Structure formats: structure tokens, C-alpha cells
Amino acid sequence: MTLKDSKAFSGFSVNDIAKAKQFYGKTLGLDVDESNGMLTLKIAGRTPILIYPKQNHSPATFTILNFPVPDLDAAVDRLTRSGVRFERYEGDIKTDEKGIARNAGGPLIAWFKDPAGNILSVLEQP
């Protein structure tokens with residue numbers, strides 16, 4: 001078997017599995033399984049994403065997970081009502097009052113963090 005035939009999956013660390021389970025399962029509304037002290041996110045496309053505890057966790061300084069949505073404004077509004085706080089940027093990339101970068105040279109995108117400080121995004125992809 002070669003790696004191209006392997007069913008690869010991604011993973012990232014958090015500092016608190018219980019908080020991560022609450023955030024990914026309840027706040028974001030994703031299917032989350034817990035086993036052996038780790039979480040598995042079940043997302044569309046069926047590729048699992050592993051979330052594992054790491055005592056000396058350092059948040060990623062880059063986007064670790066992107067969620068394409070057909071209507072970014074509606075997704076940001078819905079997530080904001082669920083308690084998600086979107087990041088605001090004023091440098092090379094500027095975001096509006098909702099946290100959406102509308103002129104970043106790519107799709108409309110908004111970034112937010114999980115309880116462990118990892119950066120996630122929702123981006124418009126019709």
C-alpha cells in the first residue's frame with residue numbers, strides 16, 4: 001500500500017477536551033465523538049478530524065480549519081448568535097464590523113478562534 005491509497009486525516013491539539021467538545025458540538029453544531037480522551041469531528045465529506053489534548057498546547061497562528069458556506073453573512077450572523085466572536089483585523093487584511101474580510105483578494109472570509117485559541121474560518125463558496 002502507498003500513501004496515496006491511505007485514508008489520511010487531519011488533527012490538531014487543544015488544552016481542554018471538555019471545552020472543545022462543548023464548542024465544536026454545541027456552539028458550532030458539529031457531530032463530535034469522544035473516545036480514549038480525544039474527539040473526532042465528523043464533517044461533510046466523511047473525512048474525520050482528530051482533536052487531541054496536549055498539556056503544553058500552543059494555539060496555531062494560522063487557520064487550521066475552513067468551513068465553506070454558500071452565504072457568509074448568514075453564517076456569521078448565525079454563529080454570532082451562538083456565541084462565536086469573530087476576529088477583527090486592521091492590517092494588510094481589514095475586516096468589517098461583523099469580522100468579514102470583503103477585499104482580501106480571495107473569497108469573503110471571517111476568522112474566529114476555538115476555546116484553545118486555534119484559528120478557524122468560514123468562507124463564502126457558492
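This report describes a four-stranded sheet, the setting of Asn 118 and an internal cavity in a predicted model.

**Sheet**

Four strands form an open sheet with mixed pairing, in the order β1-β4-β3-β2. Its edges are β1 (10-14) and β2 (31-35), each of which pairs on one side only. Direction ignored, neighbouring strands of this sheet are turned by 25 degrees against each other on average. Strands of a sheet pair through backbone hydrogen bonds, either parallel or antiparallel. The antiparallel sense applies to β3 and β4, which are joined over three bridges. Within this pair, Thr 40 has Leu 50 in β4 as its bridge partner.

The strands with stated residue ranges are listed below.

| Strand | Residues |
|---|---|
| β1 | 10-14 |
| β2 | 31-35 |
| β3 | 38-42 |
| β4 | 49-53 |
| β7 | 109-113 |
| β8 | 119-124 |

**Asn 118**

Asn 118 lies in the loop between β7 and β8. Because its relative accessible area is 2%, under the 20% cut-off, Asn 118 counts as buried. The side chain of Asn 118 reaches the backbone oxygen of Ser 13 at 2.9 Å. Apart from neighbours within four places in sequence, Asn 118 is in contact with Phe 12, Ser 13, Val 14, His 57, Pro 59, Ala 60, Ile 64, Phe 112 and Lys 113.

**Cavity**

The model holds one cavity of 30 Å³ or more. The largest cavity encloses about 40 Å³ of space. Its lining consists of Val 14, Asn 15, Asp 16, Lys 19, Ala 20, Asp 114, Pro 115 and Ala 116. Val 14 thus appears both in this lining and among the contacts of Asn 118.

How values were computed:
Residues are numbered from 1 along each chain as its sequence is written. This is a predicted model: local features need pLDDT of at least 70, side-chain atom pairs count only at pLDDT 80 or more; totals for chains, interfaces and linings use all residues. Side-chain values use heavy atoms; hydrogens and water are left out. Helices (H or I, at least four residues) and strands (E, at least two) are DSSP runs, numbered from the N terminus. Buried means under 20% relative accessible area, exposed over 50%, partly exposed in between (1.4 Å probe, protein chains only). A polar contact is a pair of N or O atoms within 3.5 Å; within protein, one must be able to donate a hydrogen and the other to accept it, and residues adjacent in sequence count only if both atoms are side-chain atoms. Contact means heavy atoms within 4.5 Å. Two strands pair if DSSP finds at least two bridges between them. Axes are lines fitted to C-alpha atoms, for helices over the stretch in contact, and angles run from 0 to 180 degrees between N-to-C directions. On a 1 Å grid over the protein atoms alone, a cavity is a set of points where a 1.4 Å probe fits but cannot get out, and a pocket is an open set with protein on both sides within 12 Å along at least five of seven lines; lining residues have an atom within 4 Å of a point. Grid points are joined across faces, edges and corners, and a volume is the space filled by probe spheres set on the points.
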